[in-house]
Structure formats: structure tokens, C-alpha cells
Amino acid sequence: MSKNYTVAVLGLGAMGLPMATRLTTELTVHGFDIAQSRLNLATKAGIRTFDSARAAADGADALLLAVRNGEQLNEVLFGTNGVACAMAKGSVVILTSTVGTEAIPDTVARLAEYGVELVDAPLSGGPIRAGEGDLLIVVGATPQALKQAGPVLDLLASTLSIVGDKPGDGQALKTVNQLLCGVHIAAAAEALALADAMGLDQSKTLAALEAGAAGSFMLSNRGPRILEAYNEGGAEVLSRLDIFVKDMGIVGKAARAAGMAAPVAAAAEQLYLLGQAQGLAAADDSAVIRVVAPTQRHAR
């Protein structure tokens, strides 16, 4: 790897900044964010910042992009201030977001007009793991695009799963992944709410569940935050509840397109939608327990 390789990171938030900081250990990193405070943090981390997304992307070998949905993806790349026109031929856009498969074919076709390829690389892991290069990344990309994106992916991923040779394959696998994650979080919240309703100590219940057959990554990761959901201010926001409103919506749409029933995923989606309607959209997703059980019955 070499500082001669430049990656532009658009969005220097909770995930973008630690990823960009990690990439500076081996590569030249350009960064852009609409918030000046984030640009200041990036500068301190050794990232060269710019006053526009287009300027940051100009001439980069790769563009690392996290967006909320397909509409935002289209706007960032091809809108009035879109960056696609500033990218060099032979470069790649590395899409790290979960946006679903629908937006991918048109994005691939429009990028091709600029000689740019899309690397479909949704990721999981959170900010701490992002900064340590310990992310799970699932990738759908042509062999040529994968090679071009290699310096970035190798630095960010501890587990890199190449699931297919075309963009869209990564989104498909991440959709399946999010079905399980969304259901697991909702199930964990429901289980701990039941423990409370039955008069059990939730902390002791969580420890016992983790040690047995009911244990899972999501139970261990979200469980302690679920128990903080009733505290003033709730748990620290590490993953917003409305992210799962979006992702479970993608799951439902994919299931319907495949002609398949997904009743468990649909039930979990309703809990997240109720949480959003109750003003919990910006809360940590562990706050879904407050939808299942609006108040805690027993003090821990």
C-alpha cells in the first residue's frame, strides 16, 4: 500500500471519521463533511479536508461513500453538485451503506459513462471496530473493481466476504443480514421485557441468557444498552432506531419481490415503526424495549 493511493471519504460522522482515520495509516485520505466541527476533527486526524464533496473526490483512486438510501446515493453522485463527474477513469465508488438492490443497476450504468465502477460493499461493525479495521464487509464487484478497491477494503475489514462478481450481490446479502439483526434486537428487547414483567432481575437474566443456548452476538451487544433504555436520556446512541426502520423496510420489499412471506421480519419492522412514531427515531435501537414495555415494572 502507498500514500500514492488516494481515497476520498464523504461524510465524516460516527463511522466515516474512524474509517478515514484508519485509512490514513497507509493511504492518502481526502475528506468532506457538511459540518465544520467534523472537518476540524478530521484535520487533527491527518485527513486532508476540502470545502466541497466534488473537490475531495477530484482525482481520487477510490471514493468511500455512506448514504442513507438510494435517493441520496443518486444525489451525491449525479445531482447538481454530484461527484461522479470529478472522478478519474478507472476509479471506483465503494458503497458501504445498506440501500437495497433496486438502486444499484442504474447507478452502475450511470457511473460507467464516466469510466467508474461501483463496488457494492455494505459493512457491519460500528465506530470502534471501524477505527481498528475490524469490520465485516460483504462485497459484490467485478474482479477489476475489487482489485482497485483492495487497498481500502483490506485496511477496513477483518472479515471480507466476496459474495458475487456484480454490484447488488453485496446488498442482497446485507439485506439477509439485516433481517436477522433486526429480529434479534427486537427479540432480545421482548425477552428482557418479559423477564422484568415476571419480576426477574434483568441484569442477572441477561448474564444467564448469554451463557446458554439463547445467547447471540446481538443479545450480548445490545442487551446492556436495552437495560439502559429507561434511564434518563436512554442508552448512548451507537445505532439509531430509524436505521432499522429503513433496513427492515428494505427486507420487506425484498421479500415481497421474491414472492416470499417474512412474518417474523414484518413483526419486528412494526416495532421499529412504532418506536419512530413515538419519537424514538434518533434514540439508540435498544430503545425498542420501550415500545414493547413503555415502563419498567421493577427497579434493577
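At what angle do H8 and helix H11 pack, and how far apart are their axes? Select H8 (residues 169-197) and H11 (residues 241-257): the angle is about 125° and the axes are 9 Å apart.

Before you go on, some ground rules. This is a predicted model, in which local features need pLDDT of at least 70 and side-chain atom pairs count only at pLDDT 80 or more, while totals for chains, interfaces and linings use all residues. Residues are numbered from 1 along each chain as its sequence is written, and side-chain values use heavy atoms, with hydrogens and water left out. Helices (H or I, at least four residues) and strands (E, at least two) are DSSP runs, numbered from the N terminus. Axes are lines fitted to C-alpha atoms, for helices over the stretch in contact, and angles run from 0 to 180 degrees between N-to-C directions.

**Stop 1: H8 against H11**

H8 and H11 are therefore oblique to each other (under 35 degrees is roughly parallel, over 145 roughly antiparallel, 65 to 115 roughly perpendicular, the rest oblique). Their crossing is left-handed (the near helix is turned anticlockwise from the far one by less than a right angle; clockwise would be right-handed). Show side chains for Thr175, Gln178, Leu179, Cys181, Gly182, Val183 and Ile185 in H8, which meet Phe244, Asp247, Met248, Ile250, Val251 and Ala254 in H11. Contact here means heavy atoms within 4.5 Å. Sorted by class, that's nine nonpolar, three polar and one charged (Ala, Val, Leu, Ile, Met, Phe, Trp, Tyr, Cys and Pro count as nonpolar, Asp, Glu, Lys and Arg as charged, and the others, Gly among them, as polar).

**Stop 2: H8 against H10**

Keep H8 on screen and add H10 (residues 217-227); the two axes come within 10 Å and cross at roughly 50°. H8 and H10 are therefore oblique too, and H8 passes H10 in a right-handed crossing. On the H8 side, pick Cys181, His184, Ile185, Ala188, Ala189 and Leu192; on the H10 side, Met218, Leu219, Arg222, Gly223, Ile226 and Leu227. This contact has nine nonpolar, two polar and one charged residues.

Pause on Cys181: at 14% relative accessibility, it counts as buried (under 20% relative accessible area; exposed is over 50%, partly exposed in between, with a 1.4 Å probe and protein chains only). Now jump to Cys85, which is partly exposed at 45%. Don't go hunting for disulfides (cysteine sulfur atoms within 2.5 Å), as the structure holds zero.

**Stop 3: H10 against H9**

Stay with H10 and bring in H9 (residues 202-210), packed at an angle of about 175° with the axes 10 Å apart. H9 and H10 are therefore roughly antiparallel. Light up Gln202, Ser203, Leu206, Leu209 and Glu210 of H9 with Leu219, Ser220, Gly223, Pro224 and Leu227 of H10. Here the split is five nonpolar, four polar and one charged.

**Stop 4: single residues and H1**

Select Gly100, in the loop between strand S5 (92-95) and helix H5 (104-112). Gly100 is buried, with a relative accessible area of 5%. Beyond neighbours within four places in sequence, Gly100 touches Gln171 and Ile250.

Next, Gln144 in helix H7 (residues 143-156) counts as exposed at 59% relative accessibility. Its C-alpha atom is 11 Å from that of Lys166, 22 residues apart along the chain.

Finish at H1 (residues 16-23): six of its eight residues are buried, so H1 is largely enclosed by the rest of the structure. Those buried residues are Gly16, Leu17, Pro18, Met19, Ala20 and Leu23.
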